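Please find below a colleague's note on the structure shown here. It is written as numbered points, to be read with the model in view.

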Amino acid sequence: PWSYFDRANFYRANLKQANFNRSDLENADFYKVNLEDASLRFTNLQGRTRFFNAQLRRADFWGAQWANVWQIKRGKNWQTTIQTPKWEHKVSLAMPPALRIGLIKPKEKSSLFAAYELGMRRAANRRIDIWGFESADNVAEEATTIDKMMELGMDAIILRPSDPLNSLTALKKASEAGLVIITVDSCLAREIAEDVAVACFDTDSEKMGYDSGVYLTKWVQQNIIGKDAPKSEPINIALIDGAVHDRNYPYLQGITTAMDKSAVSWNIIASEGVAHHQDLDKVIEILEANPEIRVLWGGSNLATKVALKAVEQLNLEEEIEVFGMLNLSQNWAERLLDSTNPLQSIIDQSGVETGKQATERAISVLRGEVPGEVYEEQTVEHRLLTQDDAEQVRQLLNEAGSL
């Protein structure tokens, strides 16, 4: 798949069950070639590509780009081939094929994936359909979802892989079937990604953690040191992270680097990982056992939410401040705009912009405007949102819509 065969001559070749998915076959000659059960999904068959007397029994031409309808009708058993619905009508009108781009999103409501989807729809037009597929965050269900997307004729898949290694089998299968694969929020290792995906769009997670730590230090210096505690007295903090997932570990690396570089003396009273909402009990136990904690830092969307909920459940809003990783939404914006709320800052992953850029990239590859075999990693700038800058919070929320 994904190969270049412009003007190739396959004269009488036996290409039964061959995989030409997403290949450029413009002006190719398939005279008397055996293409029985071959897969030519999303191929470019423009120009003078011809199939005179070729065996086309059950060949898959889903999404192929034709120059005219008689090209295939000179082949044998062309009526048994697999085609996109109403393909003849679309060819006669010289219409570019409508594209289907699917987003795999978690079953639980996620402000980040809502932002991705909003950005995808902003990048689309009337010839681009955006589909959302809910899937549990595990490799088995992810693979089942990808199979479903292939069956439904998706042209591209945008997803955050459940696992950087174990997700590869299903992704490679989809790529070989001709689907454009783009990952967000978690890049695959470059040495393997080039055979599977065309691009990755991600923020700099370690820099996000670092920037969070820099602001936390600034806030502590302005609001605690010299006010409630002597400069020599350490600031008691608990780190609630999501490092159970590879993608979240860099946040923790970033904030610890910022803390080490700061002039503030820190006392990390507790460090706890959370992977589920049920881990709320762990954080509550930490707060009950350590009433001297002044700051909670959340190292993922979930970790920050759990930290906030624990503070509120124990009615500690006036004693503990929360900083962390959260994607902009109506709910979090309202908290940042409330000076009495314990949430002091969040780092937004710019999900709308990520979804928009990922979709634009998929469309460019699918339309043949950029090569699909060149893998690229794109860094999207994150955004620090704080109670100190209410105007920026209002502005960004207005731009993003009611997420």
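The points below treat a nonpolar core, one helix, one buried strand residue and two helix packings.

1. The coordinates come from a predicted model, and the remarks that follow should be read accordingly.

2. The largest nonpolar core has 32 residues. Those that touch the most other members are I240, V283, L287, L296 and L343. Two or more residues each are given by β8 (235–241), α9 (280–289), α10 (301–313), α11 (330–336), β12 (343–348) and α13 (390–400). The largest share, seven residues, belongs to α10. As general background, nonpolar side chains in soluble globular proteins tend to be buried together.

3. V283 merits a separate look. Leaving out residues up to four places away in sequence, V283 touches I240, V274, L296, V306, A307 and A310.

4. Helix α7 comprises residues 205–223, which is 19 residues. Does its length agree with the expected span, or disagree? At 1.5 Å a residue, α7 should span 27 Å, and because its end C-alpha atoms are 27 Å apart, the two values agree. Buried residues of α7 are S205, M208, G209, D211, S212, G213, Y215, L216, T217, W219 and V220. In general, an α-helix has 3.6 residues a turn, so residues three or four places apart point the same way.

5. Helix α7 also packs on helix α8 (residues 249–261), at an angle of about 40° and with the axes 6 Å apart. The crossing is right-handed. On the α7 side the contact is made by S205, E206, M208, G209, Y210, G213, V214 and L216. The α8 side supplies P250, Y251, Q253, G254, I255, T257, A258 and K261.

6. Is S345, a residue of strand β12, buried or exposed? Its relative accessible area is 1%, and the cut-off for burial is under 20%, so S345 is buried. Apart from neighbours within four places in sequence, S345 is in contact with Y215, V322, F323, G324, L336, L384, L385 and T386.

7. A further packing involves helix α3 (residues 111–123) and helix α12 (residues 351–366), whose axes come within 6 Å and cross at roughly 45°. Angles from 35 up to 65 degrees count as oblique, and α3 and α12 are therefore oblique to each other. Their crossing is right-handed. From α3, the contact involves L112, A115, Y116, L118, G119, M120, R122 and A123. From α12, it involves G351, V352, T354, G355, K356, T359, E360 and I363.

Terms used:
Residues are numbered from 1 along each chain as its sequence is written. This is a predicted model: local features need pLDDT of at least 70, side-chain atom pairs count only at pLDDT 80 or more; totals for chains, interfaces and linings use all residues. Side-chain values use heavy atoms; hydrogens and water are left out. A nonpolar core is a set of buried Ala, Val, Leu, Ile, Met, Phe, Trp, Tyr and Cys residues joined through side-chain atoms within 4.5 Å. Buried means under 20% relative accessible area, exposed over 50%, partly exposed in between (1.4 Å probe, protein chains only). Helices (H or I, at least four residues) and strands (E, at least two) are DSSP runs, numbered from the N terminus. Contact means heavy atoms within 4.5 Å. The expected span of a helix is 1.5 Å times one less than its number of residues. Axes are lines fitted to C-alpha atoms, for helices over the stretch in contact, and angles run from 0 to 180 degrees between N-to-C directions. Angles under 35 degrees count as roughly parallel, over 145 as roughly antiparallel, 65 to 115 as roughly perpendicular and the rest as oblique. A crossing is left-handed if the near helix is turned anticlockwise from the far one by less than a right angle, and right-handed if clockwise.
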